[in-house]
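Here's a quick walk through one stretch of strands and how they sit against each other. Have the model open as you read.

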Amino acid sequence: MNRGLLFALLFFSLALLLLHWPPQARRSDGTGTAVAEIPAYAASQIVIRRFGEDGEPQLRLDANRVAHYRSSGRTLLDQPRFASSSPNRQWQGQAIEGELVGSDQLLLSKDVVITAQAAHNRPQTTVETATLDVDLANNRAVTDDAVTIRNNQLIMRGKGLDADLNAERIVIKHQVRTIYDPPR
């Protein structure tokens with residue numbers, strides 16, 4: 001076999017292996033040096049569902065890849081997506097990265113988009129931000145980053161957000177600017 005062909009096959013095999021290798025966390029060894037942490041387990045195409053006492057679905061969490069690190073207790077998610085139901089609406093969210101802390105705290109980062117589906121003559125609402133901490137047990141979300149909220153009548157921008165998804169109340173904390181275009 002030609003050495004060039006053998007080298008090319010070896011290179012592409014290594015690249016393919018690295019592409020599908022589970023994500024690794026970095027932790028400090030106490031001296032300030034970052035050490036690669038090997039996951040206790042990794043999985044792909046994971047789906048987590050939670051049901052209420054009445055048997056109705058309350059939460060669905062999907063991720064393309066998951067890696068759990070036992071020593072730090074961290075569970076990292078690649079492209080997490082979630083759907084959560086409040087009494088009057090269904091909320092859906094997605095991001096590029098996420099971390100599940102315990103079973104009730106979801107930390108989303110990079111291109112976070114949360115959408116409230118339209119219901120009862122209300123427009124669909126979309127929230128966009130860089131990071132978002134979601135309390136899955138209480139349907140609450142907070143961030144200190146820049147936020148944009150959109151629906152068919154307004155665009156609202158500001159800094160910081162505190163959202164109670166059950167009460168359907170979203171508060172932008174600082175530097176709020178709104179463009180409102182009423183229906184004609």
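## Strand 7 and its two faces

Let's start with strand 7, which covers residues 90–94 and has side chains that alternate along its length. On one face you'll find Trp-91 and Gly-93, both buried. Gln-90, Gln-92 and Gln-94 point to the other face and are not buried. Keep in mind that this is a predicted model.

## How strand 7 meets strand 9

What does strand 7 pair with? Its partner here is strand 9 (residues 105–116), in the antiparallel sense and over four bridges.

Two residues already met above help you find the register. The buried Trp-91 stands opposite Ala-116 of strand 9. Gln-94, from the other face, has Val-113 in strand 9 as its bridge partner.

## The hairpin of strands 8 and 9

Strand 8 (residues 97–101) also runs antiparallel to strand 9, and five bridges link the two. If you want a spot to look at, Glu-97 sits opposite Ser-109 in strand 9.

These two strands form a hairpin with three residues between them. Which residue there takes a positive phi? That's Gly-102, with a value near 65°.

## On to strand 10

Strand 9 also pairs with strand 10, which spans residues 125–135. The pairing is antiparallel again and takes in ten bridges. Within it, Leu-106 stands opposite Val-134 of strand 10.

Note on methods. Residues numbered from 1 in each chain as written. Predicted model: local features only at pLDDT ≥ 70, side-chain atom pairs only at ≥ 80, totals over all residues. Heavy atoms only, no water. Buried < 20%, exposed > 50% of the residue type's maximum accessible area, 1.4 Å probe, protein only. Pairing = 2+ DSSP bridges.
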